Amino acid sequence: MQSERNKITDGILTAVGSYSQAEGRGPVRKTDIRWSYEFDFPNGKFLFDRSETCFATSDTRSGERDELRIFFCEDPVTRYTYHDFIIPTAALFIHPRIAPEKELSSHFKRFDIRGVGFCNSSNIYSRSHDGDEFFFEPLGVNVMDDIRVDEESGDILKLSYKRDVPQRANLPKIPMDMKLWVDKSRGFTPIRVTSVRGGEIELDCRTDWKQIGGVWVPSKLSGTFRSRFLPEGKEPKEENIEYRTEDFQLEIKWVLLNGPSELIMYDFKEFDLPNGTAVYKDGKSIYFYLNQPK
């Protein structure tokens, strides 16, 4: 798997899709996804521009709509992170580059096209523990120690392993039974992954692949994710548990693969960001405003 994924070195792609989320008996939230991605792995550069439109679909909150954008730009030394949510004004943060293995718990995780295949809707933009274990250098998750082949049908291998992942809100720790289907004829690409915890399916993710210039690349992601959570103010008892459900799909269009992409890191003042963006450097107070507010 690692050798096949490492054939992807640089390129440009775009994607559109959507996901919906419902938490307990709360309103359903639907999100339209649009993003573009340029990357040059040998030179440690990438640019990821993610925009989303979120809106409620329930009767009680119909018409409610939120727009957000997250923009990442990184070279071997510096990362620029932009977002227009959480704080009152849009903000660009300039800080040192973070190694991938040190940011798995970070809110602003990087997206890496080589790790696609092990994801739920919450991390379709980022590297994950399982994806890193299979596609990149192991992070000590010890997945490989327990993996086994359950079934082989033609070019399709069905693998299984366990993941001891803690749940939120101090809920009882229940191991997850993971199932992974890979296609040997397509560079051992993951075509489906499921997780079962306590007899209930929590994740069912599927990935379609296509070949460009002899390299297998993802073309479509879809799946359903269901997780348990404890509502605020409730005691951590089984009868108080509710469920969060998410459905997602993403279509990927490859503009260029191993081209090279000729990705250029411009001065951050030339990024396509709105006037009045507050710029923070190294976690300090406002450095200055990008293009003074009109």
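Arg148, Asp150 and Lys179 are linked in a network of salt bridges. Please keep in mind that the model before us is predicted. Within this network, the side chains of Lys179 and Asp150 meet at 3.0 Å, N to O. Lys179 belongs to strand β9 (residues 176-183) and Asp150 to strand β7 (residues 148-153), so their salt bridge ties together parts that are 29 residues apart in sequence. Lys179 is partly exposed, at 23% relative accessible area, and Asp150 is also partly exposed, at 35%.

The whole structure contains 12 salt bridges. Another one of them joins Arg192 and Asp204, whose closest N and O atoms are 2.9 Å apart. This pair links strand β10 (residues 189-197), which holds Arg192, to strand β11 (residues 200-212), which holds Asp204. Here Arg192 is partly exposed, with 24% relative accessibility, whereas Asp204 has a relative accessible area of 18% and is buried, because the limit for buried is under 20%.

Which buried residue has no salt bridge? That residue is Asp40; the nearest side chain of opposite charge, Lys45, is 5.6 Å away. Asp40 is located in strand β2 (residues 29-40). Its side chain does make a polar contact with the side chain of Asn43, at 2.9 Å.

I turn now to the interior. The largest nonpolar core has 36 residues, and those touching the most other members are Leu13, Trp35, Tyr37, Phe39, Ile113 and Trp254. Strand β13 (residues 242-257) gives the most to this core, namely 5 residues. Apart from that core lies another, of 12 residues, including Leu47, Tyr82, Ile94 and Val279.

Finally, the cysteines. The count of disulfides is 0. Cys73 is buried at 1% relative accessibility, and Cys205 is buried at 0%.

Conventions:
Residues numbered from 1 in each chain as written. Predicted model: local features only at pLDDT ≥ 70, side-chain atom pairs only at ≥ 80, totals over all residues. Heavy atoms only, no water. Core = buried A, V, L, I, M, F, W, Y, C linked by side-chain atoms within 4.5 Å. Buried < 20%, exposed > 50% of the residue type's maximum accessible area, 1.4 Å probe, protein only. Helix = DSSP H or I, 4+ residues; strand = E, 2+ residues; numbered from the N terminus. Lys, Arg positive; Asp, Glu negative; His and termini not counted. Salt bridge = Lys/Arg side-chain N within 4 Å of Asp/Glu carboxyl O. Polar contact = N/O pair within 3.5 Å; in protein donor to acceptor, adjacent residues only side chain to side chain. Disulfide = S-S within 2.5 Å.
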